[in-house]
Amino acid sequence: MTTARAFPVFAIVFAVTYAVAYVIAVEQNYALFTYHPAIEEFGFLVEPPREGPAMYWYGWIATAGIVALVAGVIACLVPEQMAKRLWSGWSWAVPVAAMFAFGYLLRGFFTR
Amino acid sequence: MSTTFLLIVHGLLAVALLGAVTHQAVSVWLPIHKPANSFVERVRGVQAGSYATAIIVLYLATATLGGIIYPAYRLGIRVVIEQLEMWSANGAFELKEHFVAVGLGVLPAYWYYWRKPLAEDQIRTRAILTGVLAFIVWWSFLVGHILNNIRGFGS
């Protein structure tokens, strides 16, 4: 596919994969790196807290971003006829589902 | 640079983003097909496409700045909110961080669906993506505002 034709496929697959990968990264704590704000240090992958809390949010975004980037590039290689059948609505439906998932996972904060 | 200064810049960027995405969302969901005669009609009748790039830049800038000041929140504010047992406020911020992160993933699609004439189903996709981003921005703005009211600006 040409770049112009491939981009919508990339964008849809990126949005879908990123949302799914982010939920999994948060739930399973697959952070690419850890930040220790109290001592202003980064650590590779998931590390336990050191002299204060550990922050994994940046690492979860990095994990999801890399997974989505790889999936998006691979999706650009599929035949054009198959790519044309990809529903554009997946680009919002899966992220919205991910947001509902977080609402469910964090419901404990609102029911105490 | 002081966290308070960065927090103020973060807030100002958020205001600009809120205004842009609200204009765009209103014009997409409540379009007007006649010359605008009132303030509300002019809001509905803006050139929505012209906001897309600005919204992406503002979203990235606001989220990046939020990420820079996040450690100060984690160390100095969240601990206090937990001690005060303000679980709803804490949970609202947790949702904010996840919603903003999810929003980052839809930006390429949002950009694509605002840059060319589209088929009917893609127009719907564009409208919903705009609505999703508008919801994320409104949620984040309100939650950030509430938390700042609880414990902000060097309190």
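1. A quick definition before we start: a residue counts as buried if 20 or more other C-beta atoms lie within 10 Å of its own. Keep that cut-off in mind while looking at helix 4 of chain A, where A:S91, A:W92, A:V94, A:P95, A:A98, A:M99 and A:F102 are buried. Please also remember that this is a predicted model.

2. Stay with that helix for a moment, as its length offers a nice check. Helix 4 of chain A covers residues 90-105, which makes 16 residues. At 1.5 Å a residue these should span 22 Å, and the end C-alpha atoms are indeed 22 Å apart, so expectation and model agree.

3. Now step back to chain A as a whole. This chain has five helices and two strands, and reading along the sequence gives the pattern α-β-β-α-α-α-α. Is the chain spread out or compact? Its radius of gyration is 17 Å, whereas the globule rule gives 13 Å for 112 residues; the value is well over the rule, so chain A is more spread out than a compact globule. The box around its C-alpha trace tells you the dimensions: about 55 × 35 × 15 Å along the principal axes.

4. How much of chain A is buried? Of its 112 residues, 37% count as buried. Its contacts are worth a look too. Taking those between residues at least 6 apart in sequence, 65% join residues at least 24 apart.

5. A:V13 makes a good single residue to zoom in on. You will find A:V13 in helix 1 of chain A, which runs over residues 3-28. Why does A:V13 count as buried? There are 25 other C-beta atoms within 10 Å of A:V13, and the cut-off is 20 or more.

6. Which residues does A:V13 touch, leaving aside those up to four places away in sequence? They are A:A71, A:G72 and A:A75. Take A:A75 as an example: A:V13 and A:A75 are 62 residues apart along the chain, yet their C-alpha atoms are separated by 6.9 Å.

7. Chain B has another make-up. Here there are six helices and zero strands, and from the N terminus on the elements run α-α-α-α-α-α. The C-alpha atoms of chain B fill a box of roughly 55 × 35 × 30 Å along the principal axes. Buried residues make up 36% of its 155 residues. Among contacts in chain B between residues at least 6 apart in sequence, 74% join residues at least 24 apart.

8. Next, see where the two chains meet. The contact takes 36 residues from chain A and 27 residues from chain B. On the chain B side, helix 3 (52-76), helix 5 (87-113) and helix 6 (120-151) each supply at least two residues. Which of the chain B helices gives the most? That is helix 5, with 17 residues. By type, the chain B residues that touch chain A divide into 15 nonpolar, eight polar and four charged.

9. Finally, a word on confidence. The model scores ipTM 0.93 and pTM 0.92. Chain B averages a pLDDT of 89, and 93% of its residues score at least 70. Within chain B, confidence is lowest in helix 2 (residues 39-44), at a mean of 78, and highest in helix 5, at 95. You have met helix 5 of chain B already: it gives the most residues to the side that touches chain A.

Conventions
Residues are numbered from 1 along each chain as its sequence is written. Chains are lettered from A and ligands numbered from 1 in the order in which they are written. This is a predicted model: local features need pLDDT of at least 70, side-chain atom pairs count only at pLDDT 80 or more; totals for chains, interfaces and linings use all residues. Helices (H or I, at least four residues) and strands (E, at least two) are DSSP runs, numbered from the N terminus. The expected span of a helix is 1.5 Å times one less than its number of residues. A residue is buried if 20 or more other C-beta atoms lie within 10 Å of its own, exposed if 12 or fewer, and partly exposed in between; C-beta atoms are placed from the backbone. The radius of gyration is taken over C-alpha atoms; the globule rule is 2.2 Å times the number of residues to the power 0.38. Two residues are in contact if their C-beta atoms, placed from the backbone, lie within 7 Å. Ala, Val, Leu, Ile, Met, Phe, Trp, Tyr, Cys and Pro count as nonpolar, Asp, Glu, Lys and Arg as charged, and the others, Gly among them, as polar. pLDDT is the predictor's confidence in each residue, from 0 to 100.
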